[in-house]
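Q: Could you take me through a close look at one part of this model, the packing around a single helix, and place that part in the chain as a whole? I would enjoy one connected answer.

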Amino acid sequence: QAPSALRQAAAGQLSRLVAAGVRGADPAQWYALTELSDTGPIVPPGERVRLSPSQVESFARCGLRWLLESAAGAGQTDVLRHLGTVIHAAAVLISDGAAERAVAQRIDDIWHHLDFGSAWYGSRQRELAERMVRKFLAWHEANPRDLLATEQALRVRVGQVEITGRVDRLERDAQGRGVIVDLKTGGTAPRDEDLDRHPQLGVYQLAVLLGAFEELGITEPGGAELVQVGKAGFTARARVQRQRPLSDDPAPGWAKDLVDAVAAGMAGPVFRARVNAGCRTCPVASCCPVHPDGAQLSP
Ligand code: SF4
């Protein structure tokens, strides 16, 4: 809609940039003007789809973000990953019986190998790590269930879908049922009223039901929990968010239905952008047509 002279001048400048080899200057490289290279599904019909419980959750939240994070490698910053990895490793040490002092010493040993961008930020994160470890330790000591395994791998099949992953803790309750515990170190938590349909916890319970931990004598799920030790916990104590056992749910097949739906969606070819509470901090917003930063990608 700009005057013709202005458009001509702009086109002239673009053509100079193209001639100088500037990346992205050639309209042939503009996303909104390029043709789809392939309209078929990513996974051909009948082929096995592999997914993990956490992927089911991220796909259910937003298909486009899942695609760009898992297939194109966009995602969490190293800083967040470092902290989460350290806290999970500390939790394993505590579960193996290590004392708080020994755990702190171990964290100190590895801390200077991690890059937090600045010494100031690194020491803030170290204080945060110490608080999280204390919260976890208090929760662990008060937990009445038997701990069967930490960082336990799982692999089960249901139809054409293979579910693989690792649980932070597998525990046995007083009725001999398996309870999966997922340790969370982030700053956001699901709403309590959404927990009974929390995808990741539901898929863990489904995996128990499908025999993922049979060799440990666990065949029936007794619920699953998120243990929030990060800022999402709000208080000085770990915040526990519990999902009831699948058998107590009025629709006990919901987790299996969700896995089927997500597996079909992950096969492509369409990945829908779904506005949700995580859009505010989404690392791929600049590639998302429903977000102002990425709106230019819409044809
Ligand atoms: S901004 Fe929101 S809708 Fe867009 S990709 Fe990210 S999470 Fe999905």
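**Helix 8 and its surroundings**

A: Let's begin with the overall layout: in this predicted model, the C-alpha centres of domain 1 and domain 2 are 24 Å apart. Domain 1 is made of 47-74 + 145-299, while domain 2 covers 77-142. Where the two domains touch, domain 1 supplies 20 residues and domain 2 supplies twelve residues.

Now to the helix itself. Two packed helices are described by the angle between their axes and the distance between the axes, and helix 8 (residues 254-266) can be read that way against two partners.

Take helix 2 (residues 53-61) to start with: its axis and that of helix 8 come within 10 Å and cross at roughly 70 degrees. Because an angle from 65 to 115 degrees counts as roughly perpendicular, helix 2 and helix 8 are roughly perpendicular to each other. On the helix 2 side the contact uses Gln55, Val56, Phe59 and Ala60, and these meet Leu258, Val262, Gly265 and Met266 of helix 8. Sorted by class, the residues of this contact are six nonpolar, two polar and no charged.

The other partner is helix 7 (residues 199-209), which packs on helix 8 at an angle of about 105 degrees, with the axes 9 Å apart. That angle also falls in the 65 to 115 range, so helix 7 and helix 8 are roughly perpendicular to each other. Helix 7 brings Pro199, Gly202, Val203 and Leu206 to the contact, and helix 8 answers with Trp254, Ala255, Lys256, Leu258 and Val259. Here the classes come out as seven nonpolar, one polar and one charged. Leu258 of helix 8 is worth selecting in your viewer, since Leu258 is listed in the contact with helix 2 and in the contact with helix 7.

Just follow the chain onward and you reach Pro269, in the segment after helix 8. The peptide bond from Gly268 to Pro269 is cis, and its omega is near 5 degrees.

Another backbone detail belongs to Glu151, in strand 2 (residues 146-158). Its phi is near 50 degrees, a positive value in a residue other than glycine. With a relative accessible area of 29%, Glu151 is partly exposed.

Finally, a word on the cysteines: the structure has zero disulfides. For Cys287, the closest cysteine sulfur is in Cys288, 8.8 Å away, which is too far for a bond because a disulfide needs sulfur atoms within 2.5 Å. Cys287 is partly exposed at 36% relative accessible area, whereas Cys62 counts as buried, with 8% relative accessibility.

Terms used: Residues are numbered from 1 along each chain as its sequence is written. This is a predicted model: local features need pLDDT of at least 70, side-chain atom pairs count only at pLDDT 80 or more; totals for chains, interfaces and linings use all residues. Side-chain values use heavy atoms; hydrogens and water are left out. Buried means under 20% relative accessible area, exposed over 50%, partly exposed in between (1.4 Å probe, protein chains only). Axes are lines fitted to C-alpha atoms, for helices over the stretch in contact, and angles run from 0 to 180 degrees between N-to-C directions. Helices (H or I, at least four residues) and strands (E, at least two) are DSSP runs, numbered from the N terminus. Angles under 35 degrees count as roughly parallel, over 145 as roughly antiparallel, 65 to 115 as roughly perpendicular and the rest as oblique. Contact means heavy atoms within 4.5 Å. Ala, Val, Leu, Ile, Met, Phe, Trp, Tyr, Cys and Pro count as nonpolar, Asp, Glu, Lys and Arg as charged, and the others, Gly among them, as polar. Domain bounds come from an automatic or database domain assignment.
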